[in-house]
Amino acid sequence: MSLKHAVLAALLEGEASGYDLAKIFDVSVANFWAATPQQLYRELERLAEAGLITARVVEQERRPNKRMFSLTEPGRKDLVAYTATPPRPSAVRDELMVQVQACDEGDTAAVRDFVARRMETARAKLARYDRLREWMLAGRDEETYLVEAERVGPYLTLMRGRFFEEENLRWGARALAVLDRRAAARAMAPEAAHRG
């Protein structure tokens, strides 16, 4: 997937400024696609040049003028074609997993702390996703929302993000238990040798 399609999909929500899109990416798209504001602005320029989005200038009195972007018909057609193309298999590149893989020969205590921090991050993301879910549901139960909502894609990607972070918590709890048990066993080994 390219940033191009992530931006086009985000614009399905309606007209947005580059700043608005950066917030959308930070809150609702971050669970499956990361981009810096600079990357977003560069991509918006490319998409406008390609005719996939339009940009209009909104004059503001006390702030700099801002550009508002929206999808064009060619942009919508590009998304239709994109959704009909089989995705490439996901590839995971997770630095923490490399550290965990090497923890037996490395600084196990530091790796344990990194796992605990990953769990803290997962909890924070889950809290943010829960707030977004409540906002999306707007007092409706999930089944009603799924029937009534104009679009369900954002909700389904939000649920994927929630499941991912819940799995991070499950794995982290198991990893910490294993590392703690091994540390306790190693601490006991010198005592047993000393008594023998």
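Q: What does "buried" mean for a residue in this predicted model?
A: A residue is called buried when its relative accessible area is under 20%, and exposed when that area is over 50%. With that cut-off, 27% of the 196 residues of the protein count as buried.

Q: What makes helix α1 largely enclosed by the rest of the structure?
A: Count its residues against the cut-off: 6 of the 8 in α1 are buried, so the helix is largely enclosed by the rest of the structure. The buried ones are Leu3, His5, Ala6, Val7, Leu8 and Ala10.

Q: Which elements cover the buried residues of α1?
A: The cover includes three helices and two strands: α2 (18-29), α3 (37-49) and α4, together with β2 (53-58) and β3 (66-71).

Q: Why is Glu43 called buried?
A: Glu43 has a relative accessible area of 9%, and buried means under 20%, so Glu43 is buried. This residue sits in helix α3.

Q: Which residues does Glu43 touch, its neighbours within four places in sequence left aside?
A: Glu43 is in contact with Leu3, Lys4 and Val7. Contact here means heavy atoms within 4.5 Å. Leu3 and Val7 also appear among the buried residues of α1. As a further distance to check, the C-alpha atoms of Glu43 and Ser2 are 10.0 Å apart, with their positions 41 residues apart along the chain.

Q: Why is Ala84 called exposed?
A: Its relative accessible area is 65%, and exposed means over 50%, so Ala84 is exposed. Ala84 lies in the loop between α4 and α5 (95-101). From Ala84 to Phe69, 15 residues away in sequence, the C-alpha to C-alpha distance is 24 Å.

Q: How do you know that α1 and α4 meet, and which residues take part?
A: Lys4, His5, Leu8 and Ala9 of α1 meet Gly75, Asp78, Leu79 and Tyr82 of α4. By type, the residues of this contact are 4 nonpolar, 2 polar and 2 charged.

Q: How do the axes of α1 and α4 lie, and what is the handedness of the crossing?
A: The axes of α1 (residues 3-10) and α4 (residues 73-83) come within 10 Å and cross at roughly 115°. The crossing of α1 past α4 is left-handed.

Q: What radius of gyration does the protein have, set against that of a compact globule?
A: For 196 residues, a compact globule would have a radius of gyration near 16 Å, but the protein has 23 Å. The C-alpha trace spans about 80 × 45 × 40 Å along its principal axes.

Q: What share of the contacts with a separation of 6 or more joins residues 24 or more positions apart?
A: That share is 60% in this protein.

Q: How many helices and strands are there, and in what order do they run?
A: The protein has 8 helices and 3 strands. Read from the N terminus, the order is α-β-α-α-β-β-α-α-α-α-α.

Q: How much accessible surface does the protein have, and what share belongs to carbon and sulfur atoms?
A: The accessible surface comes to about 13300 Å², and 55% of it belongs to carbon and sulfur atoms.

Conventions:
Residues numbered from 1 in each chain as written. Predicted model: local features only at pLDDT ≥ 70, side-chain atom pairs only at ≥ 80, totals over all residues. Heavy atoms only, no water. Axes fitted to C-alpha atoms, helices over the stretch in contact; angles between N-to-C directions. Helix = DSSP H or I, 4+ residues; strand = E, 2+ residues; numbered from the N terminus. Left-handed = near helix turned anticlockwise from the far one by under 90°. Nonpolar A, V, L, I, M, F, W, Y, C, P; charged D, E, K, R; others polar. Rg over C-alpha atoms; globule rule 2.2 N^0.38 Å. Buried < 20%, exposed > 50% of the residue type's maximum accessible area, 1.4 Å probe, protein only. Areas by Shrake-Rupley, 256 points an atom, 1.4 Å probe, with all protein chains shown as cover.
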